[in-house]
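Work through the exercises below with the model open beside you. Try each task before reading its solution.

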Amino acid sequence: MDFEDSTDEAAFRGRARAFLAANAQLKSEAKPVSRGRHIRAEEIALAKDWQARKYAAGFAGITWPKRWGGLELPPIFTVIYQQEEEAYAVPRGVFEIGLGMCIPTMMAYATPEQLERYVGPALRGEEVWCQLFSEPAGGSDVAALRTKAERDGTDWVINGQKIWTSGAHYCDFGIIVTRSDPTVPKHAGLTFFFLDMKSPGVECRPIKQISGTSQFNEVFFTDVRVPDAQRLGAVGAGWKVSITTLMNERLAIGDVPRPDVTDLVALAKMIDLDGAPAINNSAVRERIAEWHCRTQGLKFTRFRTMTALSRGQTPGPENSIAKVVNASKLQDIASYGLDLMGAAGMVMDDDLAPLHALFQEGLMFSPGLRIAGGTDEILRNIIAERVLNLPGDIRVDKDKAFNQVSHGKR
Amino acid sequence: MNFEFSDDLMQLRDQARRYLAEHCTSKHVRAVLEGEKSYDGALWQGMADMGWLGAAIGEEYGGAGLGHEGLCVLAEEIGRAAAPVPFSSSIYLAAEAVMIAGSEEQKRRLLRGFAAGMHIGTLAWAEGSGNPRVGAFTPRLAGGKLSGVKWPVPDGGSADLCVVAAQNEAGQPILVLADLRAGGVTRTMLETVDPARPQARLVFDGCAAEQLGAAGEGFALLERVLNRAAVLIAFEQIGGASVCLEMATAYAQERYAFGRPIGGYQAIKHKLADVYIANELARSNAYFGAWALQTDAAELPLAAASARVSACEAYHLASKENIQTHGGMGFTWAADCHLYYRRSKLLGLTIGSAGFWKNRVVDALQTSNAA
C-alpha cells in the first residue's frame with residue numbers, strides 16, 4: 001500500500017495546486033462558512049467568475065469529451081482536483097447540480113446541436129442549470145410526481161409545482177421530469193424535458209428554511225410551453241432518463257461539512273469544563289475519538305474508491321455510505337458543541353459564539369443534509385437492496401394506473 | 001493511490017480462506033469451545049507448515065518475510081473462521097514483542113520457534129480489572145526470577161513463553177520473557193465469555209525469566225507492542241464482523257415471516273445497512289493501520305487506535321445484530337451466531353477496552369496536532 005500518485009496524476013495534482021495557490025484563499029485563513037448560508041447575488045457573480053477561471057486553467061469538465069470543452073481524463077483526476085480544492089475557500093453550491101447532473105443528462109440524450117449550444121456556456125460558468133424533480137407529493141417517492149405535461153402541436157404544455165429546487169431563482173435552464181400519461185403505472189407515464197427558466201408561466205418562490213435562510217425554491221408552472229425538440233428521451237421514458245441524472249448525483253463526492261472533528265477539538269480546547277479545558281475530560285475525549293474514527297473511516301473509504309479509479313476499475317459500493325454517515329455526524333457534532341458551551345450554546349451572535357457560530361449554524365443546517373439528495377432512510381434502503389441484495393419494499397402502486405393510486409391528504 | 005493489498009496478498013487471502021473453510025469449520029471451533037482441547041493442534045501445525053506463523057518474521061529469523069501487510073490479510077481470514085488457535089497471543093503479541101524489544105541474540109534464539117509453531121508465546125499485561133497504565137505492573141524480576149500475579153492471560157494454559165509487563169528491583173517498568181516450562185509458575189484456567197480462546201491466571205513464584213529491552217522503557221515498549229497488535233486484531237475483528245453480516249443477510253433472505261422474507265422489512269434492512277456502514281468504516285481504518293504498521297509510520301499510534309476503536313464498534317454491532325436477525329434460533333447453542341458474539345467481546349477486551357483506545361486516539365491527535 002502507498003498513497004503515491006502515478007506520474008500523470010502527480011503532474012496534474014501539481015498543476016491543480018499551483019492554480020489554487022495562485023487563485024484562491026486557504027480555508028484555514030478564511031472565516032469558517034457552514035453550508036447553510038443563503039447564496040447572495042454577489043456570491044453568484046463570484047461563483048461564475050471562479051468557474052470561468054477554472055475553465056480557463058483547464059480544471060472544468062475534467063472527464064468530459066474534448067469535443068464539448070472537457071479534458072477527457074479518467075475520473076481519478078476529478079477526485080484529485082477535488083482533494084486539492086477542498087483545502088480552499090472557493091465559491092460552492094452554484095454549479096454542482098448543473099455540471100454534475102444536468103449537463104451529463106443532456107450529454108446522454110440531447111442532440112449534437114443542442115450540446116453545441118448549451119455545454120460550453122455551462123462549463124464556462126456563463127449559464128447556470130437546476131434540476132426540477134421533487135414535488136410536494138413526490139419526495140423519496142419521486143416517481144409519484146404529478147406535474148402534468150400535455151401535448152399541443154409541436155409543444156408540450158406544463159402545469160404543476162416542483163419543490164426543493166436549489167437556486168431556481170438565479171438559474172438560466174432546468175431539467176424537468178413530468179407526468180405525460182396518468183393512465184399507466186407511475187414509472188411508465190413520465191416524460192423528461194429541458195427548459196428555459198425564463199419561460200412565461202415559470203414562477204419561483206423561495207422556501208424559508210428552519211435555519212431562517214433560503215437556499216431552495218418552490219417552482220410553479222402555469223401553461224408553460226416547451227417545444228417537443230427539448231424532450232430528452234422518448235415519451236414515457238422519463239424515469240429512465242431520471243435514473244441517468246440520479247446516478248450522476250451518486251458520483252459527486254461531497255466535501256466534509258463543518259463543524260467537523262477539527263472544529264470540535266478546537267472548541268474543546270477553548271471551553272472550560274470543571275476548571276480545566278474540556279479536551280481533558282474523558283467523556284469529551286470519547287466522543288471526539290468516535291467522530292474522528294468515523295471521519296477518518298470515510299476518508300480512507302474514499303481512498304479505496306480512488307484506488308479502484310486509479311487502476312481503471314469500477315469502484316465497489318463502499319462509497320455509498322458517505323452521505324448517511326456525514327449528515328448524522330454533522331448534526332451530532334453541532335449539537336454536542338452547543339452542549340459543551342452550556343447555556344451560551346444557544347447564542348448565535350456572530351461575535352459571541354465560538355468560531356463565528358459555526359456550531360449553531362451547523363445545528364440548524366444539518367437536518368436538511370439528512371434529507372437532501374436521498375434521505376437517511378432511502379440511502380439505507382439502497383445499501384440494503386443494491387449492496388446486500390435484500391428484497392425490495394412492497395410497492396402497492398407498482399402495477400396500478402397512476403390515477404387509480406391513493407394519494408393521501410399530504 | 002494504491003490503498004489496497006497487492007495481487008499476491010489477495011491470492012494469499014484466497015488460499016487462506018479455502019484452507020480455513022476446510023480445516024476450521026464451526027465443528028473445529030466448538031471442539032475447543034466445549035472444552036475438548038485448549039486449541040486445535042492440527043490447525044496450528046497446518047498454519048506453521050504454510051508459513052502463516054512466520055509471515056511477518058524476517059527470513060533471517062526463520063520466517064516467511066511477507067511483511068505485516070501479509071499478516072493483516074491472514075488475520076482477517078483467521079477472524080472470519082474464529083480460529084481456535086493461539087495465533088494472536090503467539091504472533092501478534094509475543095513474537096512482535098521480541099521483534100520490538102529483543103536483542104539480536106534473543107531474536108535469533110526465539111523467533112524461529114514462534115515461526116515454526118514449536119513455541120507458543122503470549123503476553124501478560126492485565127492484573128485483574130483496568131486498562132494498561134504506567135506503574136500498574138507489580139510482578140518483580142530479581143536475580144533472573146519473576147514473582148507476581150497476572151490475569152487474564154490469553155492462552156496462559158498452553159503457552160510456554162510469556163512476555164510479562166513487570167518491574168525490576170529498582171521499581172522501573174520492564175518487559176520480561178518468562179519461561180513457563182521451567183517451573184515456578186502456577187496456572188489456573190479461567191471460565192470466560194469465549195472458551196474457544198482460553199485464558200488463565202498465572203502466579204509466578206521464582207519463575208525463570210530474562211529481560212526484554214531496556215530497563216525503564218517497559219511501558220513504552222508495551223505500548224508499541226499493543227499498537228501493532230491493535231492493527232492485527234482489528235483485521236481479525238473485521239473478518240468476524242464481515243461473516244456476521246453475511247450470515248445475517250443470508251438468513252434474512254431465506255427466513256419468511258408474514259408471507260415474505262424478513263430481509264424485505266425495513267427494520268431488518270436498515271439494521272443491516274448500519275452494520276455494513278460500520279464494517280466499511282472499520283475496514284478503511286484498518287487498512288490505514290496496515291499501511292502504518294507495514295511502513296512503521298509516525299502515524300501508527302493514531303492509525304492503530306482508530307483502527308481498534310472502529311473495529312470494536314463494528315464487531316460488537318455486527319455480532320449482536322446477527323443474533324437479533326436470527327431471532328430465537330440465534331440464541332441457541334446450535335446456531336453459530338454465539339461463536340462470533342463471544343469472540344467480538346473477547347477481542348474487544350484483550351488488549352484493553354474501547355474506552356482506553358478512544359483516549360489514545362485523542363492523545364495521538366493532540367500529539368500530532370492534526371485532527
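**Exercise 1. Find how far apart the C-alpha centres of domain 2 and domain 3 of chain B lie, and describe their contact.**

Solution. Start with the bounds, which come from an automatic or database domain assignment. Chain B has domain 1 (7–89 + 101–116), domain 2 (121–215) and domain 3 (219–368). The C-alpha centres of domain 2 of chain B and domain 3 of chain B are 28 Å apart. Next, take the contact, where two residues count if their C-beta atoms, placed from the backbone, lie within 7 Å. Domain 2 of chain B gives 14 residues and domain 3 of chain B gives 14 residues. Now sort the domain 2 side of chain B: 10 nonpolar, two polar and two charged. Here Ala, Val, Leu, Ile, Met, Phe, Trp, Tyr, Cys and Pro are nonpolar, Asp, Glu, Lys and Arg are charged, and the others, Gly among them, are polar.

A note on the model: it is predicted, local features need pLDDT of at least 70, side-chain atom pairs count only at pLDDT 80 or more, and totals for chains, interfaces and linings use all residues. Residues are numbered from 1 along each chain as its sequence is written, while chains are lettered from A and ligands numbered from 1 in the order in which they are written.

**Exercise 2. Describe the side of chain B that touches chain A.**

Solution. Count first: 38 residues of chain B contact 41 residues of chain A. Then look for the helices (DSSP runs of H or I, at least four residues; strands are E runs of at least two; both are numbered from the N terminus). In chain B, α7 (218–254), α8 (266–295), α9 (300–326) and α11 (354–368) each supply at least two residues. The largest share, 17 residues, is from α8(B). By type, this side of chain B holds 19 nonpolar, 14 polar and five charged residues.

**Exercise 3. Work out how α8(B) meets helix α4 (residues 68–81) of chain B.**

Solution. Take the axes, lines fitted to C-alpha atoms over the stretch in contact, with angles from 0 to 180 degrees between N-to-C directions. The axes of α4(B) and α8(B) come within 8 Å and cross at roughly 145 degrees. On α4(B), the contact uses B:H68, B:E69 and B:C72; on α8(B), it uses B:A290, B:L293 and B:Q294. These residues split into three nonpolar, two polar and one charged.

**Exercise 4. Why does the radius of gyration of chain A agree with a compact globule?**

Solution. The radius is taken over C-alpha atoms, and the globule rule is 2.2 Å times the number of residues to the power 0.38. For 410 residues the rule gives a value near 22 Å; chain A has 23 Å, so the two agree. The C-alpha trace of chain A spans about 75 × 55 × 45 Å along its principal axes. Chain A contains 11 helices and 10 strands.

**Exercise 5. Is strand β4 (residues 173–179) of chain A enclosed or open, and which strands pair with β4(A)?**

Solution. Check burial first. A residue is buried if 20 or more other C-beta atoms lie within 10 Å of its own, exposed if 12 or fewer, and partly exposed in between, with C-beta atoms placed from the backbone. Seven of the seven residues of β4(A) are buried, so the strand is largely enclosed by the rest of the structure. A:F173, A:I175, A:V177 and A:R179 point one way, and A:G174, A:I176 and A:T178 the other.

Now find the partners; pairing needs at least two DSSP bridges. Strand β1 (residues 129–132) of chain A pairs with β4(A) in the parallel sense over four bridges. There, A:L132 has A:I176 as its bridge partner. Strand β5 (residues 190–196) of chain A runs antiparallel to β4(A), with seven bridges. A:I175 stands opposite A:F194 of β5(A).
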